[in-house]
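Here are my notes on the aromatic contacts and the internal cavities. Please keep the structure open while reading them.

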Amino acid sequence: MPTAVAAATTPTALWNDSAEIGELTRSIAWGAVGATCNPVIALAAINADKPRWTARLRELAAENPTAGESALGWMVVEELSVEAAKLLEPAFEASGGRNGRLSMQTDPRFHRDAAALADQAERFSKLAKNIIVKIPATRTGIEAMEEAAYRGVSLNATVSFTVPQAIAVAEAIERGMQRREAEGLPVPEFGHVCTIMGGRLDDWLKAYVAEERILVDPGHLEWAGVAALKKAHHLFVERGYRVRILSAAFRNSMQWSELQGGDLVVSPPFDWQARFNENDLPVDPHAIDQPVAEEHLAALRTISEFTKAYEVDGMTVEEFEEYGATRKTLRQFLEADAQLDAIVRDVLVAP
């Protein structure tokens with residue numbers, strides 16, 4: 001299987017973009033050494049096994065008679081995450097903490113409150129020894145990341161699509177770790193990663209050129225996320241950041257195949273992994289070092305939103321939360337949170 005071959009023969013780590021136990025178990029057999037959870041993924045996992053989680057919600061409601069819909073929903077998210085983290089403990093121990101991580105997202109409703117994000121990240125990090133916590137790569141989130149890294153939280157930046165965001169994330173985490181070092185606090189292998197949601201960058205550029213009536217060969221647009229991922233990875237290696245790039249939000253197979261050979265993480269949804277294996281995609285251990293063709297980059301550079309995403313100084317930290325992909329993704333996470341509340345409401349107050 002290509003995923004297992006890549007996992008065994010390259011430094012590129014495979015994580016499963018789901019904490020649903022059945023999918024994660026199969027993905028581990030295919031070489032996965034990590035997994036992730038967010039409001040959208042948690043909602044899907046609950047819907048995939050609704051009888052189980054409906055029964056558990058009733059139990060939690062009885063055990064916590066004053067808890068509201070949101071609190072009960074997040075109790076389920078925590079249980080789901082801890083259960084998935086247990087499956088990854090062998091990979092965590094084998095890698096010294098670099099892999100074997102279950103990525104758990106902070107509540108998106110805290111996206112304007114750095115202190116709340118840092119506090120929740122610290123609490124989540126104590127749920128299991130191999131939890132890594134997601135914080136959005138906005139101005140507020142980056143402030144929270146520095147503080148959380150200082151407190152010893154393993155971090156995964158999310159709501160992140162661009163090279164400028166990745167650089168700001170890595171530098172914030174480095175500042176937090178340097179504060180720990182200055183105070184003589186332990187600095188073990190935290191396994192920090194910075195996600196670039198390559199497919200969501202592609203989605204945003206496609207929506208932007210359509211809205212602006214810009215004609216671009218659609219084949220070029222499929223390379224935007226890959227280009228940003230490759231550039232960010234090479235910059236991280238050059239600068240020696242103690243953070244790896246993570247490829248997520250898959251829209252095409254290149255977001256896996258073009259990154260092989262790099263010391264980074266690819267985190268496809270389970271169905272994408274199945275497709276890679278069913279189609280016996282080749283594994284090229286040098287793919288990460290093959291540049292994106294200039295014809296693609298030249299076409300993409302005609303789009304101002306790509307320049308913002310690709311150039312190191314394409315955006316300031318203050319501009320991150322106004323980027324189109326950021327606004328769309330934050331809204332989706334917030335909407336998933338609302339849907340989770342609705343599921344709990346239907347259990348507590350049957351229609």
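1. The model is predicted. Its enclosed spaces come first: two cavities of 30 Å³ or more are counted. The largest cavity has a volume of about 40 Å³, and the second largest about 30 Å³.

2. Which residues line the largest cavity? They are Thr3, Ala6, Ala7, Thr12, Ala13, Leu14, Trp256, Gln260 and Val266. Helix α1 (2-9) and strand β1 (13-16) each supply at least two residues of this lining. The largest share, three residues, comes from α1. By type, the lining has six nonpolar residues, three polar and no charged.

3. The second largest cavity is bordered by Gln105, Thr106, Pro108, Pro136, Thr158, Val159, Leu330 and Phe333. Five of these lining residues are nonpolar, three are polar and none is charged.

4. Now the rings. A pair of aromatic rings is described by the distance of the centres and the angle of the planes. Searching the whole structure gives nine aromatic pairs. In one of them, the ring centres of tryptophan 30 and phenylalanine 270 are 5.0 Å apart and the planes are at 10 degrees; the pair is stacked because planes under 30 degrees apart count as such.

5. Where in the chain do tryptophan 30 and phenylalanine 270 lie? Tryptophan 30 is in the loop between α2 (21-29) and β2 (32-37), while phenylalanine 270 belongs to helix α14 (residues 270-278). They are 240 residues apart, and the pair links distant parts of the chain. Tryptophan 30 has a relative accessible area of 11%, so it is buried, the cut-off being under 20%. Phenylalanine 270 is also buried, with a relative accessible area of 11%.

6. Another pair joins tryptophan 272 and phenylalanine 276, with ring centres 6.0 Å apart and planes at 45 degrees, so this pair is tilted. The two residues are four residues apart in helix α14 and therefore separated by about one helical turn. Are they buried or exposed? Tryptophan 272 is buried, with a relative accessible area of 15%, and phenylalanine 276 is buried at 1%.

7. Tryptophan 272 and phenylalanine 276 also belong to one aromatic cluster with Phe250 and Trp256. Trp256 appears in the lining of the largest cavity as well.

8. Two contacts between a charge and a ring should be noted. Arginine 179 lies over the face of tyrosine 150, 4.1 Å from the ring centre. The charged end of lysine 231 sits over the ring of tyrosine 310, at 4.2 Å from its centre.

How values were computed
Residues numbered from 1 in each chain as written. Predicted model: local features only at pLDDT ≥ 70, side-chain atom pairs only at ≥ 80, totals over all residues. Heavy atoms only, no water. Phe/Tyr/Trp six-rings, centres within 6.5 Å; stacked < 30°, edge-to-face > 60°. Buried < 20%, exposed > 50% of the residue type's maximum accessible area, 1.4 Å probe, protein only. Lys NZ or Arg CZ within 6 Å of the ring centre and 35° of its normal. 1 Å grid on protein atoms, 1.4 Å probe; cavity = no way out; pocket = protein on both sides within 12 Å on 5 of 7 lines; lining within 4 Å. Points joined across faces, edges and corners; volume = space filled by probe spheres on them. Nonpolar A, V, L, I, M, F, W, Y, C, P; charged D, E, K, R; others polar.
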